[in-house]
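Subject: A structure for you to explore

Hi,

Here is the structure I promised to pass on to you. Have a look at it first, and then read on for what turned up in it.

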Amino acid sequence: MVTLAEVAQHAGVSASTVSYVLSGKRSISATTRQRVERSIQELGYHPNAGARALASNRSNIIALMVPLRTDMYVPVMMEIAIAVATNARIHGYDVLLLTGEEGPDAVRRVTGSGLADAMILMDVELDDERLPLLRETDQPSVLIGLPADTSGLTCVDLDFGATGALCAEHLALLGHRDIAVIGEAPAVYERHTGFAERTLDGLRARSRELGLRVLHRPCEGGYDAMALTLARILDERPGTTGFVVQNESAVEPLLALLRQKGLAVPEDVSVIAICPDQVATQASVRLTSVAIPAQDMGRHAVEHLIAKLDGRGKDEVVLLAPELTVRASTGPAPAAP
């Protein structure tokens with residue numbers, strides 16, 4: 001085990017200088033800092049976490065609260081979590097993953113125990129019960145998601161309102177007039193989860209401007225649930241020619257059911273998905289889609305949190321612009337019979 005004294009000897013500086021480079025408590029010249037950092041890397045020195053925490057009054061841990069619910073598409077959540085962990089490590093922080101549905105109790109546990117220096121919260125609801133506690137604490141935090149009231153908070157997310165509007169615009173440009181939104185499971189809307197509500201609001205608002213008729217039906221996902229949902233849509237709006245799917249588990253069942261009904265994609269109906277690129281490109285029909293920028297969301301969240309920890313950050317809302325990629329699943333609306 002390499003010691004701090006050995007690093008100092010290798011770099012030709014005092015042990016206290018190495019300590020100041022590690023803690024950042026005193027200003028060290030760039031040349032000396034680089035020499036110390038080079039010695040640390042060459043010798044493979046790793047500061048003792050307990051000693052470093054005592055010396056700096058920091059744990060160098062970020063708590064990531066990501067409730068893993070059965071009605072959510074877990075791969076997307078975990079991709080964001082991995083992006084957070086990877087970027088946190090670049091800045092010298094480890095990540096404590098909290099996956100339970102504890103709500104405010106999880107916030108109290110982190111702020112009251114010193115488990116972590118800061119928090120990142122996911123699965124944000126419009127009226128999230130965790131937010132009053134975040135506003136009361138001095139501990140830095142960032143939301144990956146957008147609540148109804150963002151005052152006193154830092155939020156990073158895809159602009160889901162603009163995402164919904166972009167889907168409506170693409171279908172309208174192709175001549176579609178009756179579109180159906182196949183949404184997340186009903187529980188997601190019952191919780192008023194931010195991303196789902198904002199997508200729907202943006203799509204509906206732009207559809208009104210463009211003269212589109214919109215039908216929204218939540219869906220549990222899976223073949224049986226999708227069969228019932230599609231049958232209901234085609235019964236209520238038989239002229240539907242455009243589908244927007246915000247439910248990864250419903251994508252492949254929808255495509256299979258459309259084939260069974262003799263509806264060709266994109267000749268008879270067009271389908272847009274709001275999903276990871278991997279889901280869109282590996283579907284039985286390569287889907288026109290708006291991607292979920294998981295890597296960028298995780299990176300931005302960590303960068304804003306580190307800025308807060310360093311005393312440089314301020315409360316702000318960062319919305320990532322959506323990008324729609326046209327593939328094989330959308331085309332001109334069929335001519336009216």
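Let's begin with helix α14, which covers residues 294–309 of this predicted model. With 16 residues, α14 reaches 23 Å from its first C-alpha to its last, close to the 22 Å expected at 1.5 Å a residue. Try colouring α14 by burial: the helix is mostly covered, with 12 of its 16 residues buried. Among them are A294, M297, H300, H304 and K308. What does the covering? The cover over the buried residues of α14 includes strands β1 (61–65), β3 (118–121), β4 (141–144), β5 and β11 (317–320), together with helix α5. After α14 comes G311, and its phi is positive, near 80 degrees.

One of the strands in that cover, β5, runs over residues 155–158 and contains L158. How buried is L158? Its relative accessible area is 0%, so L158 counts as buried. Leaving aside neighbours within four places in sequence, L158 is in contact with T163, R198, A291, I292, P293, M297, L319, L320, A321 and P322. You have already met M297, one of the buried residues of α14. By contrast, L158 and Y45 are 113 residues apart along the chain, and their C-alpha atoms are separated by 39 Å.

Now turn to helix α11 (residues 223–236), where you can check the length yourself. At 1.5 Å a residue, its 14 residues should span 20 Å, and the end C-alpha atoms are indeed 20 Å apart, so the two agree. Which residues of α11 are buried? They are M226, T229, L230, I233 and L234. Looking down the axis of α11, you will find these buried residues within an arc of 125 degrees, which means they line one face of the helix. On the other side of α11, D224, L228 and D235 are exposed. The buried residues of α11 pack against three strands, β6 (178–183), β7 (213–218) and β8 (242–245), and against helix α12 (251–260).

Next, the cysteines. A disulfide is a covalent bond between the sulfur atoms of two cysteines. How many disulfides does a search of the whole structure find? The search finds zero. Take C167 as an example: the closest cysteine sulfur to its own is in C275, 10 Å away, and because a disulfide needs the sulfurs within 2.5 Å, that is too far for a bond. Seen from C275, the closest cysteine sulfur is the one in C167, again at 10 Å. C167 is buried, with a relative accessible area of 0%, and C275 counts as buried too, at 1%.

There is also some empty space to find. A search of the whole structure gives one cavity of 30 Å³ or more. About 330 Å³ of space lies in the largest cavity. Its lining is made of 24 residues, and M72, V76, M77, F160 and F195 lie nearest its centre. Two elements, α5 (74–90) and α10 (194–210), give two or more residues to that lining. Helix α5 is also part of the cover over α14.

Finally, step back to the whole protein. There are 14 helices and 12 strands in it, and its C-alpha atoms fill a box of roughly 85 × 40 × 35 Å along the principal axes. Of the 337 residues, 49% count as buried. Among contacts between residues at least 6 apart in sequence, 70% join residues at least 24 apart.

Enjoy exploring!

Definitions and conventions
Residues are numbered from 1 along each chain as its sequence is written. This is a predicted model: local features need pLDDT of at least 70, side-chain atom pairs count only at pLDDT 80 or more; totals for chains, interfaces and linings use all residues. Side-chain values use heavy atoms; hydrogens and water are left out. Helices (H or I, at least four residues) and strands (E, at least two) are DSSP runs, numbered from the N terminus. The expected span of a helix is 1.5 Å times one less than its number of residues. Buried means under 20% relative accessible area, exposed over 50%, partly exposed in between (1.4 Å probe, protein chains only). The arc is that of the directions from the helix axis to the C-beta atoms. Contact means heavy atoms within 4.5 Å. On a 1 Å grid over the protein atoms alone, a cavity is a set of points where a 1.4 Å probe fits but cannot get out, and a pocket is an open set with protein on both sides within 12 Å along at least five of seven lines; lining residues have an atom within 4 Å of a point. Grid points are joined across faces, edges and corners, and a volume is the space filled by probe spheres set on the points.
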